[in-house]
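Open your viewer, switch to a cartoon view, and keep the selection box handy. We will go stop by stop, and at each one you will hear what to pick and what to look for.

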Amino acid sequence: MKKLVLTISIFAFIAINAKAQGPSTLSHSYIDVGFERSFYSGDLGGNLEDANGIAGELSIAPTEHFFLLAEYHYANPDTIVGKGSVDTQDLRLALGANTLIAGGGADIYIQTGLRYLELGSVGAFERVDDWGFYIEPGIRVAIGPSLEVYLSGDYTRIDERNLWGGEIGTVIKFTDMLGLEFSGRLEENRGILVVGARVQW
């Protein structure tokens, strides 16, 4: 908890001192497509091999302060005991609200919506295959026109379970529209690293 508070404080300090250079480079209209690597721990780690997967995200901002989001993750890890593989899927459909601060150098947002999670039963981990809801607050900071960093946390209620997670990442922008994204996500029993491309408008 102390590390999370410290990280948020650092991001808040950066945001307060951020200065936009011309129009803000932070947009909620973008497409992300990438490759991901999932690492399992706890009840899952004792039964699943680490796995490769795919990730995709579409965000559309019809107005200045609201956006619509669809996000999808898929992996197919093998079981350690050699009994085949397990499909894992994570789908989010959300509505979000955001506002620019620090002269457009930072953006704070909150999104909430439906989340579908599928994870096969392995070992002591009971199968999840259901819809629930989630809420995610976050902050994005433009460090100059070519670099963005972001931090978010989320809570999910699904299948009578409470799930907590957090994500940190960066986007290196080669042009106003095209960039390279790196992110890391941590949640109970699983960590995910993603490398991908972003097209923004």
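**First stop: a pair of strands**

Select β2 together with strand β3, residues 66-75: the two pair in the antiparallel sense over eight bridges. This is a predicted model, so please read what follows in that light. Five residues sit between β2 and β3, and the two strands form a hairpin. For a landmark inside the pair, show serine 59, which stands opposite leucine 69 in β3.

**Next: the other neighbor of β2**

Now add strand β1, residues 30-40, which pairs with β2 in the antiparallel sense over nine bridges. Keep serine 59 of β2 on display and add tyrosine 30, which stands opposite this serine.

Which residues of β2 make up its covered face, and which its uncovered one? Select residues 51-60 and color two sets. The covered face has Ala51, Gly53, Ala55, Glu57 and Ser59. Asn52, Ile54, Gly56, Leu58 and Ile60 belong to the uncovered face.

**Zoom out: the barrel**

Show the whole chain again. Its pattern along the sequence is α-β-α-β-β-β-β-β-β-β-β-β, with two helices and ten strands in total. Color the strands in the order β1-β2-β3-β4-β5-β6-β7-β8-β9-β10 and you can trace how ten strands close into a barrel with antiparallel pairing. From one strand to the next, the twist averages 20°.

While you are zoomed out, note that 44% of the 201 residues are buried. Among contacts with a separation of 6 or more, 52% are between residues 24 or more positions apart. Switch on a surface, too: the accessible surface is about 10,600 Å², and carbon and sulfur atoms account for 66% of this area.

**Further along: β8 and β9**

Select residues 161-173 (β8) and 178-187 (β9), antiparallel strands joined by nine bridges. Pick isoleucine 172 and look across to its bridge partner in β9, leucine 180.

**Last stop: a nonpolar patch**

Keep isoleucine 172 selected and add Ile31, Val33, Leu58, Ile60, Phe174, Met177, Leu178, Phe182, Val195, Val199 and Trp201; with Ile172, they make a nonpolar surface patch of about 1,100 Å². Which strands each supply at least two residues of the patch? They are β1, β2, β9 and β10 (190-200).

Finish on valine 199, which lies in strand β10. Why does valine 199 count as partly exposed? Its relative accessibility is 35%, and partly exposed covers the range between under 20% (buried) and over 50% (exposed).

Conventions: Residues are numbered from 1 along each chain as its sequence is written. This is a predicted model: local features need pLDDT of at least 70, side-chain atom pairs count only at pLDDT 80 or more; totals for chains, interfaces and linings use all residues. Side-chain values use heavy atoms; hydrogens and water are left out. Helices (H or I, at least four residues) and strands (E, at least two) are DSSP runs, numbered from the N terminus. Buried means under 20% relative accessible area, exposed over 50%, partly exposed in between (1.4 Å probe, protein chains only). Contact means heavy atoms within 4.5 Å. Accessible areas come from the Shrake-Rupley method with a 1.4 Å probe; for residues, only the protein chains shown count as cover. Two strands pair if DSSP finds at least two bridges between them. Axes are lines fitted to C-alpha atoms, for helices over the stretch in contact, and angles run from 0 to 180 degrees between N-to-C directions. Patches are made of residues with over 30% relative accessible area and no salt bridge: like charges are joined within 9 Å, nonpolar side chains (Val, Leu, Ile, Met, Phe, Trp, Tyr) within 5 Å. A salt bridge is a side-chain nitrogen of Lys or Arg within 4 Å of a carboxyl oxygen of Asp or Glu.
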